[in-house]
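I opened this entry to note what I looked up around the ligand and along the backbone. The structure comes first, then my notes.

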Amino acid sequence: MEKVQCLIIGSGPAGYSAAIYTSRANVKNLLIEGLQPGGQLTQTTTIENYAGFPDGIDGQQLMAQMRQQAINVGADVRSGLITAIDLCHRPFVATTDSGEQIQAETVIVATGASAKYLGLDDEKKYAGMGVSACATCDGFFYRRRVVAVVGGGDTACEEAHYLSNLASKVYMIVRKDYLRASAAMQKRVMEKENIEILFNTNTLGLYGQDGVEGAHLVRFKGTDKEEPFDIAIDGFFLAIGHKPNTDFLAGQLALDDNGYIITDAVSTRTSVDGVFAAGDVADPRYRQAIVAAGSGCRAALDAEKFLAAQ
Ligand code: NDP
């Protein structure tokens, strides 16, 4: 069985920063990239709020550079997925999707979070046929068409703005009577003539023959002003937040009510000695790439200190 001092699970800014720091500290590491190498930033366009890039940087490019930097300082970066892990005894044993087992003295969980869906049957029915949770991945298919984006946060505004440059019209379906997004993002969508915001609106379902042709919506749901109506659309984009990727841990680490890993207040320590968490998987509050990168550094330093104390 392969043995490492630090197994890093996940390849977003947290995972790569942890890999850079552990490598430079001469800790024998192994980073397993997971289902979406590079993480959520590979699904976005230009990143303008990651310090050090005055003109912004493309998300894919930023992640490719982080990966290369980790490799350059000696990190062992491999594709694959950790499907199971036994955290009951140290050294821990992780199993990959190809059946290999890895023995690790410490583990840094940096598996991030995945897009949430509304839970409608129609989302499954039309998966890949008009339903998407990534405008930058799929927006290209909707040039000069009509699309809807669900959500009122920064992601929804960013996706709606991006789509408005491709599609002929973009609806935003917002369940409250206001946008939760930052003032700057709100201004951006308000300024676009082809974005129409449907406030106080929920989605009931989707319809269409061989793909999405429209959505059944309802205004003022659950009140005496309730008003069902339909919109004709070709694409339906979800942007209602994310769920932390902690299922593979199978209840072995303490999680909060929403599934985020609970860490010690002043470090990245989890409920199991030798296991640390970094990035969005343990961060319901900030969820920013730069914060994730910082927490990857913290997790690496915590793991290094833990190893030194053994
Ligand atoms: P948020 O949690 O901030 O927003 C989610 C949105 O989806 C809210 O409008 C919420 O409505 C709505 N929503 C949630 N569940 C449902 C549902 N079941 N039905 C209908 N609507 C629903 O998530 P984001 O992904 O937008 O942002 C996450 C974090 O990342 C935030 O901190 C954000 O600031 C940050 N971010 C920053 C960016 C940037 O700075 N460039 C870009 C993207 C994200 P309600 O308000 O009613 O709860």
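I began with the polar contacts of the ligand, meaning pairs of N or O atoms within 3.5 Å. A side-chain N or O atom of Asn49 is 3.1 Å from an oxygen atom of the ligand. For the side chain of Arg175, I found 2.9 Å from an N or O atom to a ligand oxygen. Gly153 takes part through a backbone N or O atom, 3.3 Å from an oxygen of the ligand. On its own the ligand has 920 Å² of accessible area, and the protein covers 79% of this (Shrake-Rupley method, 1.4 Å probe).

The model is predicted: local features need pLDDT of at least 70, side-chain atom pairs count only at pLDDT 80 or more, and totals for chains, interfaces and linings use all residues. Residues are numbered from 1 along each chain as its sequence is written, and side-chain values use heavy atoms, with hydrogens and water left out.

Next I looked up the shell, whose residues have a heavy atom within 4 Å of the ligand. There are 18 residues around the ligand, and Gly152, Asp154, Thr155, Arg175 and Arg180 come nearest. Helix 5 (residues 154–164) gives the most, three residues; helices are DSSP runs of H or I with at least four residues, and strands are E runs of at least two, numbered from the N terminus.

Last, I checked the backbone. Most residues other than glycine have a negative phi, and most peptide bonds are trans. The bond from Arg90 to Pro91 is cis, with omega near -5 degrees. Pro91 sits in the loop between strand 6 (82–86) and strand 7 (92–96).

Technical notes: Polar contact = N/O pair within 3.5 Å; in protein donor to acceptor, adjacent residues only side chain to side chain.
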